[in-house]
Amino acid sequence: MLNSRPTVRSTLKALLYIAPLLVISLAFTFWPLLEAFAMGFYRHYNFYLNQIGSLSLANFQFLWHDAAFQLALRNTLIFIIGVVPVSIGLALLLALSLHHARHFAKLLQTIYFLPLVTSSVAIAIVWRWLFSAEHGGLNGWLAIINRTPVDWLNDPRYSLLALIIVCIWHSLGLNIILLLASLQQIDRRYYLAAQLDGANSWQQFTNVTWPLLTPMILLVSINAVIVNLKVFDQVYALFNGSAGPANADLTLMYYLYQKFYVEDQPTIAAACGIVLFGITVGLTLGTLWVLRRHHYPQRGWSPS
Amino acid sequence: MEVNLKHLNLTYPGQQPLFQNLTCTLADGELVALVGPSGSGKTTLLNVLAGILTPDAGQVVFDGTDVTRATLQRRNIGMVFQDYALYPHLSVLDNIAFPLKMAHVKKRLRYQRARQLAELVAITPQLAKYPAQLSGGQQQRVALARALIKQPAVLLLDEPLSNLDANLRVALRTMIRRIQRQTHVTTVFVTHDQNDALQIADRIIVLNHGKIQQMATTTELYQRPQNQFVAQFIGQPRINLIPMTAVRPYFAVQLAPTLLANAVTVGIRPEALESATTTATTLAQLPVRLVAQWSVGKEQLTTVQFAQTTLISTAVPATTQPLTTTLAVRANGCYFFDAEGNRLEMGVPHA
């Protein structure tokens with residue numbers, strides 16, 4: 001069996017095995033994807049009758065000049081810049097503490113993981129209470145340190161910050177678990193060797209932990225960027241089905257949703273989807289490029 | 001640097017005590033091999049020296065300074081781990097220079113030193129490579145250079161040769177010996193292969209069940225083993241052990257009465273069991289039945305059956321003699337052990 005080469009017959013047989021899933025994937029994932037992609041270029045399109053007027057770039061021109069789209073793009077970028085670094089920095093800090101915790105490590109891990117398995121709508125509802133202007137928990141703390149209360153969810157100056165806080169907290173769980181797993185993978189003997197080589201705790205972190213953790217940090221970063229570019233349900237639930245006060249929390253995904261479901265403009269929504277797709281691919285490739293630069297030969301490389 | 005271990009006690013949680021009142025001294029610039037079977041405490045002792053483990057009681061003293069509670073960083077130990085523990089994300093050059101980087105030595109200077117060390121262990125052509133691209137022997141040499149670069153007080157090698165093939169072992173242990181002579185660093189190396197130990201060590205510590213059985217030079221260990229364990233552990237092929245009662249009728253000389261009274265086991269080195277040509281040094285003559293003969297390299301091995309015991313000899317020439325014959329036991333290479341396994345002095349045998 002091990003020496004057998006693929007033949008037409010064996011390939012067909014293999015194809016038969018994967019056919020059920022392949023058919024489902026093609027029909028429900030790839031086809032709609034292609035359709036949606038094409039739809040971004042349709043003009044005078046009747047969604048229900050599938051009548052296409054003509055192909056053009058008019059939808060993208062519309063997006064370019066649309067103030068709401070510009071706002072959504074701006075909000076999304078601010079949101080990403082606000083969420084990703086803080087979330088990963090915090091997750092790294094917590095993962096390191098958990099890694100060195102002697103007691104209750106498992107319990108604490110579970111607690112930090114909980115946000116991930118809780119529905120984002122339930123989370124948003126709890127946070128709505130925390131953010132509430134009069135009885136909210138956050139304002140309670142602000143009162144303790146003698147700061148004027150903030151109307152988190154109704155003040156356009158703070159509502160994007162409120163969304164950022166919720167999403168940082170929500171993404172912590174997965175990031176902590178991934179970083180913790182990666183930390184536990186690092187061979188203890190590297191630390192022994194480093195200590196014998198005279199490294200203090202900080203030097204051990206910068207010279208052993210950080211470089212060996214870099215691949216996972218980049219992976220977590222890519223994932224965080226992709227997930228947060230698509231932020232929608234937290235907005236929807238936190239602001240009760242609106243995009244926040246004065247559209248202050250209008251994200252690209254929310255814009256897309258509005259265009260498609262509310263304003264009945266599927267081609268604009270599709271064009272927005274393409275833009276979102278482009279941003280995602282761009283950021284991912286950028287991160288991969290950085291990852292490539294940090295690559296060192298792993299075991300299994302044959303010596304030249 | 002002289003190393004003193006004084007009255008060490010160490011017990012792993014939930015186990016029998018491993019070290020009890022363990023004491024020994026390593027002279028400055030000495031190469032000491034630590035041998036013993038698995039679980040005898042070799043690696044534990046090495047870890048105590050390194051500071052990875054702290055003994056429950058007793059002292060570790062380097063040149064008169066008590067370092068028992070000193071941290072790993074402060075002991076100035078160079079260590080080569082069994083699987084080398086090279087930093088996978090650093091090139092060979094950076095791996096070797098790492099200890100100097102930790103000591104904030106300027107980049108130019110530390111690379112210069114690293115290149116010198118690389119020259120010493122003959123790894124210069126691989127300086128730009130990463131550990132994963134190196135063979136086991138190359139990794140071992142990098143680890144050695146990294147351990148030596150900061151001019152350690154003590155160099156510890158944990159089974160440095162065990163992952164290497166036979167040819168490489170010999171080449172590398174010779175290199176370790178040469179470098180150790182050159183740098184004059186007090187070195188302890190753990191091995192389970194007595195050959196490595198016998199070939200390069202100044203002195204050997206034989207460890208069993210956490211007790212030092214004997215600490216002596218190669219020759220002394222072989223010729224004057226303290227006890228039955230050492231006699232059995234050192235020497236290839238192994239020493240023959242026969243109950244005293246079986247040998248007693250065949251002695252050619254008068255043995256001291258105390259020896260006769262206390263000896264329980266007789267040990268005979270394979271080379272001390274010769275074809276019967278009785279000389280002044282012959283201790284006994286054993287009637288045996290030839291079982292098999294074969295040769296390994298230049299060594300001629302013979303197994304014979306004596307009473308209930310199978311004996312092995314390296315001093316019987318290839319022969320087509322009758323199957324039953326008599327073999328002479330040479331006094332030099334024959335030992336008597338008491339019930340506890342301690343070697344008894346033979347005294348002067350008289351004819």
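Visitor: V3(B) stands opposite F62(B) in β4(B); what makes β1(B) and β4(B) a pair of strands?

Guide: Two strands are called a pair if DSSP finds at least two bridges between them, and 5 bridges join β1(B) to strand β4 (residues 57-62) of chain B, with the two running antiparallel, so the term applies. Helices and strands are themselves DSSP runs, numbered from the N terminus, with helices being H or I over at least four residues and strands E over at least two. This is a predicted model, in which local features need pLDDT of at least 70 and side-chain atom pairs count only at pLDDT 80 or more, while totals for chains, interfaces and linings use all residues. Residues are numbered from 1 along each chain as its sequence is written, chains are lettered from A and ligands numbered from 1 in the order in which they are written, and side-chain values use heavy atoms, with hydrogens and water left out.

Visitor: Which turn residue of the hairpin formed by β1(B) and β2(B) has a positive phi?

Guide: That residue is G14(B), with a phi of about 75°, in a hairpin that has 5 residues between its strands. Strand β1 (residues 3-11) and strand β2 (residues 17-26) of chain B run antiparallel and are joined by 6 bridges, and T11(B) stands opposite P17(B).

Visitor: Why are β6 and β10 of chain B called edge strands?

Guide: The open sheet has 6 strands in the order β6-β7-β8-β3-β9-β10 (chain B), with mixed pairing. β6 (77-80) and β10 (211-216) each have a single partner strand, so one side of each is left without a neighbour in the sheet. Neighbouring strands of this sheet are turned by 15° against each other on average, direction ignored. Within the sheet, β7 (residues 154-158) and β8 (residues 186-190) of chain B pair in the parallel sense over 5 bridges, and the bridge partner of V154(B) is T186(B).

Visitor: At what angle does helix α5 of chain B run to β6(B)?

Guide: Axes are lines fitted to C-alpha atoms, for helices over the stretch in contact, and angles run from 0 to 180 degrees between N-to-C directions. On that scale helix α5 (residues 136-148) of chain B, which lies across β6 and β7, runs at about 175° to β6(B). Helix α1 (residues 42-50) of chain B lies across β3, β6, β7, β8 and β9, and runs at about 150° to β7(B).

Visitor: What makes helix α3 of chain B largely enclosed?

Guide: Buried means under 20% relative accessible area, exposed means over 50%, and partly exposed lies in between (1.4 Å probe, protein chains only). Of the 11 residues of α3 (residues 92-102) of chain B, 9 are buried, so the helix is largely enclosed by the rest of the structure. Among the buried residues are V92(B), I96(B) and F98(B). Their cover includes α8 (188-196) and α9 (201-229) of chain A, together with α4 (107-120) and α5 of chain B.

Visitor: How do you know that the span of helix α4 of chain A agrees with its length in residues?

Guide: The expected span is 1.5 Å times one less than the number of residues. For the 13 residues of α4 (residues 105-117) of chain A that gives 18 Å, and the end C-alpha atoms are 19 Å apart, which agrees. In this helix A105(A), Q109(A) and P115(A) are buried.

Visitor: What is called a nonpolar core here, and which residues touch the most other members of the largest one?

Guide: A nonpolar core is a set of buried Ala, Val, Leu, Ile, Met, Phe, Trp, Tyr and Cys residues joined through side-chain atoms within 4.5 Å. Of the 106 residues in the largest such core, F131(A), L179(A), L238(A) and L156(B) touch the most other members. Leaving aside neighbours within four places in sequence, L179(A) is in contact (heavy atoms within 4.5 Å) with residues including I88(A), L92(A) and L213(A). Apart from that core lies another, of 47 residues, among them L134(B) and L148(B).

Visitor: What does UniProt list for residues 73-287 of chain A?

Guide: An unreviewed UniProt entry lists "domain: ABC transmembrane type-1" there; such positions are given in the numbering used here, feature names are shortened, and annotations may be inferred rather than shown by experiment. In the model this span is 77% helix and 0% strand. For chain B, an unreviewed entry places "domain: ABC transporter" at residues 3-234, a stretch that is 38% helix and 25% strand.
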